[in-house]
Amino acid sequence: MNLTLRVWRQKNASAPGQFVTYNAAGISPDMSFLEMLDIVNEVLIKRGEEQIAFDHDCREGICGTCSLVINGTPHGPVRATTTCQLHMRSFKDGETITIEPWRAASFPVIKDLVVDRSAFDRIIQSGGYVSVSTGGAPDGNAIPIPKEDADKAFDAAACIGCGACVAACKNASAMLFVSAKISHLGLLPQGKVEETARVLNMVAKMDEEGFGNCTNTRSCEAACPKEISLDNIARMNRVYAKALFKSRLS
Ligand code: SF4
Ligand code: FES
(Lines give C-alpha, C1' and ligand atoms only; values in the text may rest on other atoms or scores of the structure.)
(Ligands and ions follow the chains in the order given, each with its own letter.)
Protein backbone atom coordinates (compact mmCIF):
# COMPACT_ATOMS: atom_id res chain seq x y z
CA MET A 1 0.00 0.00 0.00
CA ASN A 2 1.08 3.58 -0.64
CA LEU A 3 -0.41 6.20 1.63
CA THR A 4 -0.22 9.93 2.20
CA LEU A 5 -0.02 10.95 5.86
CA ARG A 6 -0.91 14.37 7.22
CA VAL A 7 0.81 14.34 10.60
CA TRP A 8 0.55 16.96 13.36
CA ARG A 9 4.07 18.14 14.25
CA GLN A 10 4.62 20.37 17.28
CA LYS A 11 7.92 20.95 19.10
CA ASN A 12 6.37 21.47 22.56
CA ALA A 13 3.25 22.73 24.34
CA SER A 14 4.01 26.41 23.72
CA ALA A 15 5.18 26.14 20.09
CA PRO A 16 2.60 26.41 17.31
CA GLY A 17 1.91 23.10 15.57
CA GLN A 18 1.18 22.30 11.94
CA PHE A 19 0.34 19.40 9.65
CA VAL A 20 3.26 18.00 7.68
CA THR A 21 2.69 15.64 4.75
CA TYR A 22 4.65 12.38 4.43
CA ASN A 23 4.55 9.50 2.01
CA ALA A 24 4.26 6.00 3.50
CA ALA A 25 5.31 3.60 0.74
CA GLY A 26 5.40 -0.21 0.62
CA ILE A 27 3.10 -0.68 3.62
CA SER A 28 1.74 -4.19 4.19
CA PRO A 29 -2.01 -4.39 4.95
CA ASP A 30 -1.07 -6.76 7.80
CA MET A 31 1.02 -4.13 9.59
CA SER A 32 -0.40 -2.39 12.61
CA PHE A 33 -0.90 1.37 12.43
CA LEU A 34 2.07 1.88 14.78
CA GLU A 35 4.30 -0.39 12.68
CA MET A 36 3.40 1.78 9.69
CA LEU A 37 4.56 4.84 11.67
CA ASP A 38 7.75 2.95 12.63
CA ILE A 39 8.49 2.50 8.90
CA VAL A 40 7.91 6.21 8.26
CA ASN A 41 10.23 7.07 11.17
CA GLU A 42 12.97 4.77 9.82
CA VAL A 43 12.86 6.69 6.53
CA LEU A 44 13.04 10.01 8.45
CA ILE A 45 16.05 8.76 10.47
CA LYS A 46 17.84 7.73 7.25
CA ARG A 47 17.18 11.19 5.84
CA GLY A 48 18.56 12.80 9.02
CA GLU A 49 15.16 14.31 9.88
CA GLU A 50 13.48 14.30 13.27
CA GLN A 51 11.24 11.28 13.96
CA ILE A 52 7.52 11.66 14.60
CA ALA A 53 6.96 11.34 18.37
CA PHE A 54 4.01 9.11 19.33
CA ASP A 55 3.09 7.20 22.47
CA HIS A 56 3.07 3.41 22.65
CA ASP A 57 4.01 0.63 25.04
CA CYS A 58 2.32 -2.82 25.12
CA ARG A 59 1.01 -2.74 21.53
CA GLU A 60 -1.53 -5.34 22.71
CA GLY A 61 -4.47 -3.11 23.62
CA ILE A 62 -3.96 -3.39 27.37
CA CYS A 63 -1.83 -0.51 28.65
CA GLY A 64 -3.73 2.54 27.38
CA THR A 65 -0.62 4.34 26.15
CA CYS A 66 -1.30 4.63 22.41
CA SER A 67 -3.32 7.70 21.62
CA LEU A 68 -3.85 8.98 18.08
CA VAL A 69 -6.78 10.75 16.50
CA ILE A 70 -6.96 9.11 13.07
CA ASN A 71 -9.09 10.79 10.43
CA GLY A 72 -10.90 12.68 13.19
CA THR A 73 -11.66 9.66 15.39
CA PRO A 74 -9.73 8.77 18.57
CA HIS A 75 -8.11 5.34 17.95
CA GLY A 76 -9.30 5.40 14.34
CA PRO A 77 -12.16 3.92 12.36
CA VAL A 78 -12.56 0.43 13.87
CA ARG A 79 -14.89 0.19 16.85
CA ALA A 80 -13.58 -1.20 20.16
CA THR A 81 -9.99 -1.15 18.90
CA THR A 82 -6.96 0.68 20.25
CA THR A 83 -4.57 2.42 17.85
CA CYS A 84 -1.98 -0.32 18.42
CA GLN A 85 -4.48 -3.03 17.46
CA LEU A 86 -5.62 -1.20 14.33
CA HIS A 87 -4.30 -2.72 11.09
CA MET A 88 -3.56 -1.09 7.77
CA ARG A 89 -6.11 -3.36 6.04
CA SER A 90 -8.71 -1.01 7.51
CA PHE A 91 -7.49 1.67 5.06
CA LYS A 92 -7.48 1.85 1.24
CA ASP A 93 -4.38 1.91 -0.93
CA GLY A 94 -3.73 5.52 -1.98
CA GLU A 95 -5.70 6.96 0.93
CA THR A 96 -4.73 10.17 2.73
CA ILE A 97 -4.74 9.66 6.52
CA THR A 98 -4.78 12.57 8.97
CA ILE A 99 -3.08 11.87 12.32
CA GLU A 100 -3.45 14.19 15.31
CA PRO A 101 -2.86 14.04 19.07
CA TRP A 102 -5.67 13.88 21.65
CA ARG A 103 -7.03 17.44 21.71
CA ALA A 104 -8.04 18.69 25.17
CA ALA A 105 -6.79 21.57 27.30
CA SER A 106 -6.22 19.15 30.20
CA PHE A 107 -3.98 17.00 27.97
CA PRO A 108 -1.34 19.50 26.75
CA VAL A 109 0.86 18.41 23.85
CA ILE A 110 4.34 17.34 24.94
CA LYS A 111 5.62 16.80 21.41
CA ASP A 112 3.98 15.96 18.04
CA LEU A 113 1.42 13.24 18.84
CA VAL A 114 2.35 12.77 22.51
CA VAL A 115 0.16 14.45 25.14
CA ASP A 116 0.51 14.77 28.90
CA ARG A 117 -2.16 12.58 30.54
CA SER A 118 -0.85 12.96 34.08
CA ALA A 119 -4.18 14.64 34.98
CA PHE A 120 -5.64 11.10 34.92
CA ASP A 121 -2.93 9.94 37.38
CA ARG A 122 -3.81 12.78 39.73
CA ILE A 123 -7.51 11.84 39.58
CA ILE A 124 -6.60 8.25 40.49
CA GLN A 125 -4.35 9.50 43.32
CA SER A 126 -7.32 11.46 44.72
CA GLY A 127 -9.32 8.27 45.42
CA GLY A 128 -9.13 5.59 42.74
CA TYR A 129 -7.88 2.87 45.06
CA VAL A 130 -8.84 0.68 48.04
CA SER A 131 -6.82 1.49 51.16
CA VAL A 132 -8.63 -0.68 53.73
CA SER A 133 -7.25 -4.11 54.55
CA THR A 134 -8.93 -6.64 52.24
CA GLY A 135 -6.95 -9.74 53.20
CA GLY A 136 -5.47 -12.15 50.69
CA ALA A 137 -6.97 -13.89 47.66
CA PRO A 138 -8.67 -16.62 49.78
CA ASP A 139 -10.46 -13.88 51.79
CA GLY A 140 -11.63 -12.25 48.56
CA ASN A 141 -12.90 -15.56 47.22
CA ALA A 142 -14.81 -16.22 50.46
CA ILE A 143 -17.07 -13.15 50.01
CA PRO A 144 -20.14 -13.92 47.89
CA ILE A 145 -20.79 -11.18 45.31
CA PRO A 146 -23.98 -11.00 43.22
CA LYS A 147 -23.18 -12.06 39.65
CA GLU A 148 -24.68 -8.88 38.20
CA ASP A 149 -22.42 -6.68 40.38
CA ALA A 150 -19.35 -8.78 39.64
CA ASP A 151 -20.02 -8.54 35.88
CA LYS A 152 -20.55 -4.76 35.99
CA ALA A 153 -17.40 -4.25 38.10
CA PHE A 154 -15.42 -6.45 35.71
CA ASP A 155 -16.68 -4.55 32.64
CA ALA A 156 -15.77 -1.21 34.26
CA ALA A 157 -12.33 -2.54 35.23
CA ALA A 158 -11.60 -3.02 31.52
CA CYS A 159 -10.92 0.76 31.25
CA ILE A 160 -7.27 1.18 30.25
CA GLY A 161 -7.08 4.91 31.04
CA CYS A 162 -6.24 5.88 27.47
CA GLY A 163 -8.21 9.15 27.42
CA ALA A 164 -9.97 8.56 24.08
CA CYS A 165 -13.24 9.42 25.84
CA VAL A 166 -11.88 12.91 26.63
CA ALA A 167 -10.56 13.37 23.09
CA ALA A 168 -13.93 12.37 21.59
CA CYS A 169 -16.03 14.64 23.81
CA LYS A 170 -16.84 18.20 22.71
CA ASN A 171 -16.64 19.19 26.41
CA ALA A 172 -13.41 17.22 26.97
CA SER A 173 -15.23 15.41 29.76
CA ALA A 174 -13.44 12.72 31.73
CA MET A 175 -16.65 11.34 33.21
CA LEU A 176 -16.54 7.99 31.40
CA PHE A 177 -13.04 7.33 32.73
CA VAL A 178 -13.84 8.47 36.29
CA SER A 179 -17.16 6.65 36.39
CA ALA A 180 -15.50 3.43 35.24
CA LYS A 181 -13.17 3.63 38.26
CA ILE A 182 -16.07 4.45 40.61
CA SER A 183 -18.03 1.39 39.38
CA HIS A 184 -15.03 -0.91 39.23
CA LEU A 185 -14.20 -0.29 42.91
CA GLY A 186 -17.56 0.63 44.42
CA LEU A 187 -19.53 -2.35 43.13
CA LEU A 188 -17.30 -4.75 45.08
CA PRO A 189 -17.55 -5.06 48.88
CA GLN A 190 -13.85 -4.26 49.36
CA GLY A 191 -14.25 -0.92 47.57
CA LYS A 192 -17.70 -0.05 48.89
CA VAL A 193 -16.34 1.11 52.28
CA GLU A 194 -14.59 4.17 50.83
CA GLU A 195 -17.05 4.95 48.04
CA THR A 196 -18.45 8.17 49.50
CA ALA A 197 -15.06 9.83 49.97
CA ARG A 198 -13.82 8.35 46.68
CA VAL A 199 -16.57 9.82 44.51
CA LEU A 200 -16.42 13.25 46.18
CA ASN A 201 -12.63 13.46 45.87
CA MET A 202 -12.35 12.10 42.33
CA VAL A 203 -15.11 14.34 40.96
CA ALA A 204 -13.56 17.38 42.69
CA LYS A 205 -10.15 16.53 41.21
CA MET A 206 -11.66 15.96 37.76
CA ASP A 207 -13.21 19.45 37.89
CA GLU A 208 -10.00 21.00 39.24
CA GLU A 209 -8.03 19.48 36.35
CA GLY A 210 -10.31 21.33 33.92
CA PHE A 211 -12.27 18.46 32.37
CA GLY A 212 -15.77 19.38 31.19
CA ASN A 213 -19.15 17.99 32.12
CA CYS A 214 -21.15 15.25 30.40
CA THR A 215 -23.95 16.39 28.08
CA ASN A 216 -24.96 12.88 26.97
CA THR A 217 -23.79 12.97 23.36
CA ARG A 218 -22.32 9.46 23.88
CA SER A 219 -19.25 10.20 21.74
CA CYS A 220 -17.06 8.92 24.62
CA GLU A 221 -18.82 5.57 24.60
CA ALA A 222 -18.50 5.32 20.79
CA ALA A 223 -14.74 6.06 20.89
CA CYS A 224 -13.90 3.88 23.88
CA PRO A 225 -11.76 0.92 22.80
CA LYS A 226 -13.00 -1.10 25.79
CA GLU A 227 -16.70 -0.30 25.23
CA ILE A 228 -17.16 1.20 28.69
CA SER A 229 -20.88 1.89 29.03
CA LEU A 230 -22.43 5.30 29.64
CA ASP A 231 -24.45 3.53 32.38
CA ASN A 232 -21.38 4.04 34.55
CA ILE A 233 -21.80 7.83 34.30
CA ALA A 234 -25.46 7.52 35.34
CA ARG A 235 -24.38 5.34 38.28
CA MET A 236 -21.63 7.81 39.26
CA ASN A 237 -24.13 10.69 39.24
CA ARG A 238 -26.39 8.75 41.63
CA VAL A 239 -23.51 7.81 43.94
CA TYR A 240 -22.23 11.41 43.85
CA ALA A 241 -25.65 12.90 44.71
CA LYS A 242 -25.97 10.53 47.70
CA ALA A 243 -22.40 11.27 48.84
CA LEU A 244 -23.00 15.02 48.62
CA PHE A 245 -26.20 14.68 50.65
CA LYS A 246 -24.42 12.60 53.31
CA SER A 247 -21.49 15.02 53.52
CA ARG A 248 -23.87 17.97 54.06
CA LEU A 249 -25.65 16.13 56.87
CA SER A 250 -22.44 15.30 58.70
S1 SF4 B 1 -13.33 4.94 29.49
FE2 SF4 B 1 -12.59 3.99 27.57
S3 SF4 B 1 -11.83 5.72 26.35
FE4 SF4 B 1 -11.97 6.43 28.48
S5 SF4 B 1 -9.98 6.08 29.39
FE6 SF4 B 1 -11.21 4.24 29.83
S7 SF4 B 1 -10.76 2.86 28.12
FE8 SF4 B 1 -10.03 4.86 27.44
S1 FES C 1 0.16 0.52 23.20
FE2 FES C 1 -0.77 -0.39 24.97
S3 FES C 1 -2.90 -0.18 24.54
FE4 FES C 1 -1.95 0.50 22.71
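**Salt bridges and a nonpolar surface patch**

In this predicted model, the side chains of E148 and K152 meet in a salt bridge, with a distance of 3.1 Å from N to O. Both E148 and K152 belong to helix α4 (residues 147-157), where they stand four residues apart, or about one turn of the helix. E148 counts as exposed because its relative accessible area is 54%, whereas K152, at 43% relative accessibility, is partly exposed.

A salt bridge is also formed by E195 and R235, whose closest N and O atoms are 3.0 Å apart. This pair links distant parts of the chain, since E195 lies in helix α8 (residues 195-208) and R235 lies in helix α10 (residues 231-249), 40 residues apart. Both E195 and R235 are buried.

Within helix α8, E208 and K205 are three residues apart, about one turn of the helix, and they form a salt bridge in which the closest N and O atoms are 3.0 Å apart. E208 is exposed, with a relative accessible area of 58%, while K205 is counted as buried because its relative accessibility is 19%, and the cut-off for buried residues is under 20%. K205 and E208 are further linked with R122 and E209 in a network of salt bridges. The count of salt bridges comes to 15.

Apart from these charged pairs, V130, V132 and V193 form a nonpolar patch on the surface, and together they have about 220 Å² of accessible area. V130 is found in the loop between α2 (118-125) and α3 (137-142), and its relative accessibility of 32% makes V130 partly exposed.

Note on methods. Residues numbered from 1 in each chain as written. Chains lettered and ligands numbered in written order. Predicted model: local features only at pLDDT ≥ 70, side-chain atom pairs only at ≥ 80, totals over all residues. Heavy atoms only, no water. Patch = residues over 30% accessible without salt bridge, like charges linked within 9 Å, V, L, I, M, F, W, Y side chains within 5 Å. Areas by Shrake-Rupley, 256 points an atom, 1.4 Å probe, with all protein chains shown as cover. Salt bridge = Lys/Arg side-chain N within 4 Å of Asp/Glu carboxyl O. Helix = DSSP H or I, 4+ residues; strand = E, 2+ residues; numbered from the N terminus. Buried < 20%, exposed > 50% of the residue type's maximum accessible area, 1.4 Å probe, protein only.
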